Amino acid sequence: MLSLSIKYCGGGNYRTRSPLDLEMSERDFKVGEELSAKVSRKRSVQQNEFFHGIIEAAFANQRGGTTCATWRHLKSHLLIAAGHCDEERIALKGLPVGDVSSVVGPIAAALKRKFDVVETSYDKARHEIVMRFAKSWKFEKTNGVTAGEITNRVVAIICAEIVPGVTPERLFEMAKERATW
């Protein structure tokens, strides 16, 4: 089931709240198709949009760091870098160090066909392949302290690596310019 954020515009009319919602609806629905919807009120729309605005602004102004195909890929990369991720490890006991890249590359390629972003590395001390996947982030289920900590870590990474020299205040201004609320 597709989950979209929509805004009531009056007169029985609705519109998508963000470019991502529009993109998903254009991809999944045909013009004139009749749909059923279970509607609920969002508690954290502004916080979610603001966070996505930060990522979109970083993507649009990127001058350094890891280059990603879309702002959503950048979001996953930043969440992983900020530690909001799951980690899986594969032990390579007995495999010569020189052969590690021949194992890591195909594993990473296979995973990237299934997941948007999987960051892989090799832990030499433990002789393990390390794979990291960004965790899903439900703003309505995250307390304010945790949300602030994750956002602050992401903003610090953006300011240091993705858009070097930008201040958090300027990044927030760029995010607000993109917001639809």
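Colleague: Before we start, what counts as a helix or a strand here?

Modeller: Helices are DSSP runs of H or I with at least four residues, strands are E runs with at least two, and both are numbered from the N terminus. Keep in mind that this is a predicted model.

Colleague: What pattern does the protein chain follow along the sequence?

Modeller: Going along the sequence, you get β-β-α-α-α-β-α-β-β-α-α. That comes to six helices and five strands.

Colleague: Why are α3 and α5 called roughly perpendicular?

Modeller: Their axes cross at roughly 110°. Angles of 65 to 115 degrees count as roughly perpendicular, so that label fits α3 and α5. The two axes come within 9 Å, with α3 covering residues 71–81 and α5 residues 144–162.

Colleague: Which residues meet there?

Modeller: From α3 you have L74, L78, L79 and A81. On the α5 side they meet I150, V154, I157, I158 and I162.

Colleague: And what makes the residues of that contact nonpolar?

Modeller: Ala, Val, Leu and Ile are among the residues that count as nonpolar. The contact of α3 with α5 divides into nine nonpolar, no polar and no charged residues.

Colleague: How do you know which residues of the chain count as buried?

Modeller: A residue is buried when its relative accessible area is under 20%. Of the 181 residues in the protein chain, 33% count as buried. As for the surface, the chain exposes about 11,600 Å², and carbon and sulfur atoms supply 51% of that.

Notes:
Residues numbered from 1 in each chain as written. Predicted model: local features only at pLDDT ≥ 70, side-chain atom pairs only at ≥ 80, totals over all residues. Heavy atoms only, no water. Axes fitted to C-alpha atoms, helices over the stretch in contact; angles between N-to-C directions. Parallel < 35°, antiparallel > 145°, perpendicular 65-115°, else oblique. Contact = heavy atoms within 4.5 Å. Buried < 20%, exposed > 50% of the residue type's maximum accessible area, 1.4 Å probe, protein only. Areas by Shrake-Rupley, 256 points an atom, 1.4 Å probe, with all protein chains shown as cover.
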